[in-house]
Amino acid sequence: MLPGIKLFDLTGRSAVITGGSKGLGEAMAAGLASAGADVLLASRNEEEVQATAIQIAADYGHKAIGMRADVTSPEDCDSLAKKALKEFGKIDILINNAGINIRGPIDELTYDEFRQVQQVNVDGVWLATKAVVPAMKKARYGRIINMASTLGLVGLDNRTPYTASKGAVVQMTRALGLELAPHNITVNAICPGPFLTPMNIPIADDEQTKKFIVGAVALGRWGELAEIQGAAIFLASDAASYCVGGIFAIDGGWTAR
């Protein structure tokens, strides 16, 4: 008899979630904790990440730790991995969620703004992954989930920094999936569509944005944060043991067009 739902059980697993203090990161951390995982949340905002960790621990009864870390710093990423090993003894799951978005026409953006987005969204994924891979290789087990975007699959005007970064994450996911599969470490990407995250709230009430959401998204609405949890739990669990280099669009039907 197939174990079915038991494959999604994360009891005894440990997870590191970058950008875990709010938005999709907080939602995914809560989702993993609800399935039984212990979680280490990283953010550049010490106060915010500690508060989120305390709330998740209270809500789900599993270990949740907040830590200040900047994913653009190799030293911070190494410290994050060391903290996880100290607290949990292993690192089963990494969700590379930290990300930023700077919007605008190319002739109005600065090169520094473009580079800033790449440093967080691309370099941060590479550095955090590099930091946890030795422990995962030693354990011969790992689940790495990279947060890409539908804008890594389709284009949108005034988004050159962000689309470039998320396209890079899609390709990095495929390359890492091939590289790490022999070590029983799976690497996959989630491509969220328009979710009402803190990053998107500033543009949510714009009339042009509202028209775009209705026209581009088959469901005709923004995604709710909890709607990312199913994909995260799946890819973090044994249910996804045969998924390598997969690109999973959670976008309300945006890319189906």
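A salt bridge here is a side-chain nitrogen of Lys or Arg within 4 Å of a carboxyl oxygen of Asp or Glu. By that yardstick, Glu 207 and Lys 210 form one, with their closest N and O atoms 3.6 Å apart. Please keep in mind that this is a predicted model. The tour below goes from the annotated domain to strand β6, then to the charged pairs and a nonpolar patch on the surface.

**The annotated domain**
- An unreviewed UniProt entry carries the annotation "domain: Ketoreductase" for residues 13-193.
- Over that range, helix accounts for 51% of the chain and strand for 19%, and 28 Å separates the end C-alpha atoms.

**Strand β6 and its neighbours**
- All eight of the eight residues in β6 (residues 185-192) are buried, so the strand is largely enclosed by the rest of the structure.
- In a regular strand, side chains alternate between the two faces of the sheet.
- Here Ile 185, Val 187, Ala 189 and Cys 191 point one way, while Thr 186, Asn 188, Ile 190 and Pro 192 point the other way.
- Strand β5 (residues 142-147) runs parallel to β6 and is joined to it by six bridges; Ile 144 stands opposite Val 187.
- Between these two strands the chain passes through helix α5 (residues 160-180), making a right-handed β-α-β crossover.
- β6 also pairs with strand β7 (residues 247-250), again in the parallel sense, over four bridges. In that pairing, Ala 189 has Ile 247 as its bridge partner.

**Salt bridges**
- The whole structure holds nine salt bridges.
- One of them joins the side chains of Arg 13 and Asp 238, at 3.7 Å from N to O. Arg 13 lies in the segment before β1 and Asp 238 in the loop between α8 (229-236) and β7, so the pair ties together parts that are 225 residues apart in sequence.
- Lys 90 and Asp 92 form another, with the closest N and O atoms 3.3 Å apart. Lys 90 is partly exposed at 30% relative accessibility, whereas Asp 92 is buried at 5%.
- Arg 13, Lys 90, Asp 92, Arg 143 and Asp 238 are linked in a network of salt bridges.
- Back at the opening pair, Glu 207 and Lys 210 both sit in helix α7 (residues 207-216), three residues apart, about one turn of the helix. Lys 210 is partly exposed, at 36% relative accessibility.

**A nonpolar patch**
- Ile 5, Leu 7 and Phe 8 make a nonpolar surface patch of about 270 Å².
- Ile 5 belongs to the segment before β1 (14-18). With a relative accessible area of 68%, Ile 5 counts as exposed.

Technical notes. Residues numbered from 1 in each chain as written. Predicted model: local features only at pLDDT ≥ 70, side-chain atom pairs only at ≥ 80, totals over all residues. Heavy atoms only, no water. UniProt positions renumbered as here; feature names shortened; annotations may be inferred. Patch = residues over 30% accessible without salt bridge, like charges linked within 9 Å, V, L, I, M, F, W, Y side chains within 5 Å. Areas by Shrake-Rupley, 256 points an atom, 1.4 Å probe, with all protein chains shown as cover. Buried < 20%, exposed > 50% of the residue type's maximum accessible area, 1.4 Å probe, protein only. Pairing = 2+ DSSP bridges. Right-handed = clockwise from strand over helix to strand, strands pointing away.
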